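Visitor: I would enjoy a close look at a single part of this protein. Could you pick one helix, take me through it slowly, and then show me how it sits in its surroundings?

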Amino acid sequence: MACSIEDKYGREITNLRFSLTQTCNLNCIYCHNEGENGDECNLITQEEVIEAVKLGTRYGIKKVKLSGGEPLLRPDLTEIIQKISPHLNDVSLTTNAILLPQKIDELCEAGLDRVNISLDTLNPETYRELTGGDLKKALKGIEAAEQSKLFPVKINTVILDNINTNEIQDFINYAKNNDIILQLIEYHDTNTLKNQKNYSQYHYNLDPIEKTLTKKADKIKTRKMHHRKKYYIKNAEIEVVRPMHNTEFCENCTRLRVTSCGEFKPCLMREDNHVPFNGNMEKSLLKAINQRKPYF
Ligand code: SAM
């Protein structure tokens with residue numbers, strides 16, 4: 001029978017976030033690679049993913065997010081979703097959506113509930129500079145998500161100083177017109193960033209954005225997860241993700257991560273406390289939960 005589990009700081013663990021691969025078809029200048037440093041390792045197997053999910057559900061895990069790298073590059077993604085979804089309330093994917101149009105039908109059929117799609121600009125040239133990819137393809141992916149049964153569709157937008165700070169209102173309009181939830185994400189500083197210089201150059205303090213959202217909002221809610229603020233402006237929903245130096249964010253973190261190397265990862269920001277599966281997955285899970293500690 002399922003029970004719930006808390007870490008030493010009274011934080012219940014309800015979500016698992018998997019990195020299914022370190023390979024990506026884009027090359028985003030700000031990418032933290034889900035806190036992995038790119039060292040070579042044996043890729044987590046489908047069986048390990050399923051075992052970790054089943055085990056997690058015995059300890060109260062209800063939601064799973066699949067990320068990477070680009071999770072759509074994982075050839076057995078559909079099979080993984082098919083096998084884990086019956087055990088969970090919510091299976092979602094974080095993706096750049098480039099390959100979504102050709103995969104979406106089988107993913108929906110397998111039991112995928114929803115997607116978060118990364119989109120940091122609506123300008124094709126800026127998109128090319130930031131990611132190396134083609135904006136048109138990402139927008140086609142978003143369109144495919146919208147026309148599918150996946151709901152809600154969310155967009156993840158990392159705010160980068162002097163790159164996309166002038167596009168916030170365009171994003172709000174885009175989200176409103178397309179019935180999409182917009183997540184404005186603070187640029188995180190992890191020690192797995194591709195380029196630390198980019199962080200100091202592009203990190204933007206989200207205070208002015210939140211001030212404007214507060215003024216315009218018809219309603220503001222606080223989500224349980226990370227105590228993220230959600231602003232409702234006419235028909236738009238805008239969530240703000242601000243982890244940096246934010247103790248409230250860490251106090252309300254209900255997430256445990258799993259790396260593409262088959263390790264539990266207690267915190268995005270730390271690489272020194274990963275717990276490899278090592279044969280006894282239950283023991284590793286409990287050790288990882290025991291090692292969870294608010295970073296800020
Ligand atoms: N390839 C997929 C994608 O593009 O969504 C999944 C991997 S990506 C690492 C997962 C999410 O992390 C994306 O929404 C991305 O915008 C976000 N992300 C990556 N690096 C970040 C950083 N340094 N700060 C904040 N968010 C970041």
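Guide: Gladly; what follows is a walk around helix α6 and then outward from there. Please keep in mind that this is a predicted model.

A few words on the whole will help us find our way. The protein chain contains 10 helices and 12 strands. Its radius of gyration is 18 Å, close to the 19 Å that the globule rule gives for 296 residues, so the chain is as compact as a globular protein of that length. Measured out along the principal axes, the C-alpha atoms fill a box of roughly 50 × 40 × 35 Å. Of the 296 residues, 56% count as buried. Among contacts with a separation of 6 or more, 70% are between residues 24 or more positions apart.

Now to the helix itself. α6 spans residues 168–178, and in it Ile168, Phe171, Ile172, Tyr174 and Ala175 are buried. These five cover an arc of only 165 degrees around the axis, which puts them on the same side of α6. The spacing has a simple background: an α-helix has 3.6 residues a turn, so residues three or four places apart point the same way.

What lies over that side? The cover for the buried residues of α6 includes two helices, α5 (135–147) and α8 (207–216), together with the strands β5 (153–159), β6 (181–186) and β9 (236–241).

Let us look at both ends of α6. Ahead of the helix, Thr165 sits in the loop between β5 and α6. With a relative accessibility of 26%, Thr165 counts as partly exposed. Setting aside residues up to four places away in sequence, Thr165 touches Ile159, Leu160 and Tyr204. For a sense of distance, the C-alpha atoms of Thr165 and Leu72 are separated by 29 Å, and these two residues are 93 apart along the chain. At the other end, α6 is followed by Asp179, which has a positive phi, near 55 degrees.

One of the covering helices, α8, deserves a turn of its own. Its buried residues are Ile209, Glu210 and Leu213. Seen down the axis of α8, they fall within an arc of 95 degrees, so they line one face of the helix. On the other side of α8, Lys211 and Lys215 are exposed. The buried residues of α8 pack against α6, and also against β5, β6, β8 and β9. The strands β5, β6 and β9 also appear in the cover of α6.

Following α5 leads to the loop between α5 and β5, where Pro152 has its place. A cis peptide bond joins Phe151 to Pro152, with omega about -5 degrees. Leu150 is found in the loop between α5 and β5 too. At 3% relative accessibility, Leu150 counts as buried. Apart from neighbours within four places in sequence, Leu150 is in contact with Ile104, Cys108, Leu112, Asp113, Arg114, Val115 and Ala145. The C-alpha atoms of Leu150 and Thr121 are separated by 23 Å, with their positions 29 residues apart along the chain.

The strand β8, listed among the partners of α8, brings us to another backbone detail. His226 is found in the loop between β7 (219–222) and β8 (229–233). Although His226 is not a glycine, its phi is positive, at about 60 degrees. This residue is buried, with a relative accessible area of 3%. Ala97 offers a further case: it too is not a glycine, and its phi is positive, about 75 degrees. Ala97 lies in the loop between β3 (90–95) and α3 (100–110), and at 0% relative accessibility it counts as buried.

One last loop residue is Thr254, between α9 (247–251) and β10 (255–258). Its relative accessibility is 10%, so Thr254 counts as buried. Leaving aside neighbours within four places in sequence, Thr254 is in contact with Glu12, Ile13, Thr14, Asn15, Met225 and Arg292.

Stepping back to the outside, the protein chain exposes about 13,800 Å², and carbon and sulfur atoms supply 45% of that area. As for charge, the mean positions of the 41 positive and 41 negative charges are 4 Å apart.

Notes
Residues are numbered from 1 along each chain as its sequence is written. This is a predicted model: local features need pLDDT of at least 70, side-chain atom pairs count only at pLDDT 80 or more; totals for chains, interfaces and linings use all residues. Side-chain values use heavy atoms; hydrogens and water are left out. Helices (H or I, at least four residues) and strands (E, at least two) are DSSP runs, numbered from the N terminus. The radius of gyration is taken over C-alpha atoms; the globule rule is 2.2 Å times the number of residues to the power 0.38. Buried means under 20% relative accessible area, exposed over 50%, partly exposed in between (1.4 Å probe, protein chains only). Contact means heavy atoms within 4.5 Å. Accessible areas come from the Shrake-Rupley method with a 1.4 Å probe; for residues, only the protein chains shown count as cover. Lys and Arg count as positive and Asp and Glu as negative; His and the chain ends are not counted. The place of a charge is taken as NZ of Lys, CZ of Arg, CG of Asp or CD of Glu. The arc is that of the directions from the helix axis to the C-beta atoms.
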